[in-house]
Amino acid sequence: MASGDQEAGASTSMDVESSGAEAAPARPLFPALKPQEMFDGKVQFRKVPVPPHRFSPLKRCWMEIYTPVYDQMKIDIRMNLKARRVELKTRKDTPDLSNLQKCADFVHAFMLGFDVVDALALLRLDDLFVDSFEIKDVKMLRGEHLSRAIGRLSGKGGKTKFAIENSTRTRIVIADTKIHILGSFINIKVARDSLCSLILGSPAGKVYSKLRAVTARLAERY
């Protein structure tokens, strides 16, 4: 009798569990939000100021900047002559909202002095960044000491700068005392270390040998 009661109790508990499992609500499936549905359907803007010395290059290269932004990334772009800035905004057919920030970074890189061809990589690759610093951030230099440091960074005919760019797969712009580096995170770090060594007074030959060792180590790792 006891075993019969136990079996009956077990069967009722199984029934309760099975009915509970059946009663569980189905997992909801929501379709992905379209870009125009985010932010309550409001249009998103970005504004990039144009420095005075980049106004002429911008006019000269406008179509090279406009075509990939408007046709490929589906972002509206215009030049505000009164405010002297480039304005970007999303469209109804913009496939991804991140395209707006990518285009803003692309235009900003051009304003810093990078070529359009180099800056275009920011639109096509996700792991590229622009890092900027000043010579005075590394060492306080004045007068001829500052001029010599800038000369060491460039080298004769830009030889040192090109050597660092090619070995680290980055692009470097030296604009007076400001230095801008375009590349991946690890490559920017290697290039910045080499430039800092040159600013601190290391001879170019010593920097080259250290750079060769570091790039060879990176090549083995990746």
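**Figure 1. Asp76 stands opposite Lys89, a residue of strand E3, in a sheet of three strands.** The model shown is predicted; local features are described only where pLDDT is at least 70, side-chain atom pairs count only at pLDDT 80 or more, and totals for chains, interfaces and linings use all residues. Residues are numbered from 1 along each chain as its sequence is written, and side-chain values use heavy atoms, with hydrogens and water left out. Strands (E, at least two residues) and helices (H or I, at least four residues) are DSSP runs numbered from the N terminus. The 3 strands form an open sheet in the order E1-E3-E2, and their pairing is antiparallel. Strand E1 (45-49) and strand E2 (75-80) are the edge strands, each of them paired on one side only. From one strand to the next, the twist averages 20°. Two strands are taken to pair if DSSP finds at least two bridges between them. Strands of a sheet pair through backbone hydrogen bonds, either parallel or antiparallel.

**Figure 2. Strands E2 and E3 form a hairpin with 4 residues between the strands.** Strand E3 comprises residues 85-90 and pairs with E2 in the antiparallel sense over 6 bridges. Met79 stands opposite Val86 of E3. Helix H3 packs on this sheet, where it touches E2 and E3, and its direction makes about 150° with that of E2. Contact here means heavy atoms within 4.5 Å. Axes are lines fitted to C-alpha atoms, for helices over the stretch in contact, and angles between N-to-C directions run from 0 to 180 degrees. Helix H4 (residues 98-112) lies across E1, E2 and E3 and runs at about 5° to E1. Within the hairpin, Arg84 takes a positive phi near 55°.

**Figure 3. Trp62, Tyr66 and Tyr70 form one aromatic cluster.** Rings of Phe, Tyr and Trp (its six-membered ring) pair if their centres lie within 6.5 Å; planes under 30 degrees apart count as stacked, over 60 as edge-to-face and the rest as tilted. The count by this rule comes to 2 aromatic pairs. The pair of Trp62 and Tyr66 is tilted, at 6.3 Å centre to centre with 35° between the planes. These two residues, Trp62 and Tyr66, are 4 residues apart in helix H3 (residues 62-72), so about one helical turn separates them. Tyr66 is partly exposed, with a relative accessible area of 24%. The pair of Tyr66 and Tyr70 is stacked, at 5.3 Å centre to centre with 10° between the planes. Because they are 4 residues apart in H3, Tyr66 and Tyr70 are likewise separated by about one helical turn. Tyr70 is partly exposed, its relative accessible area being 29%. Buried means under 20% relative accessible area, exposed over 50%, and partly exposed in between (1.4 Å probe, protein chains only).

**Figure 4. A further open sheet of 3 strands has the order E4-E6-E5, with antiparallel pairing.** Strand E4 (129-134) and strand E5 (171-175) stand at the edges with a single partner strand each, so one side of each has no neighbour in the sheet. Neighbouring strands are turned by 15° against each other on average, direction ignored. Strand E6 (residues 178-183) runs antiparallel to E4 and is joined to it by 6 bridges. The bridge partner of Asp131 in E6 is Ile181. Helix H10 (residues 185-199) packs on the sheet and touches E4, E5 and E6; its direction makes about 150° with that of E6.

**Figure 5. Thr170 lies in the loop between helix H9 (159-168) and E5.** Thr170 is buried, with a relative accessible area of 2%. The side chains of Thr170 and Thr168 are joined by a polar contact of 2.8 Å. Such a contact is a pair of N or O atoms within 3.5 Å; within protein, one must be able to donate a hydrogen and the other to accept it, and residues adjacent in sequence count only if both atoms are side-chain atoms. Residues up to four places away in sequence left aside, Thr170 touches Ile164, Glu165, Ile181, Leu182, Gly183, Asn187, Ile188 and Ala191.

**Figure 6. Helix H10 is followed by Gly201, whose phi is positive, near 110°.** The buried residues of H10 include Asn187, Ile188, Ala191 and Leu195. The expected span of a helix is 1.5 Å times one less than its number of residues. For the 15 residues of H10 the expected span is 21 Å, and the end C-alpha atoms are 21 Å apart, which agrees.
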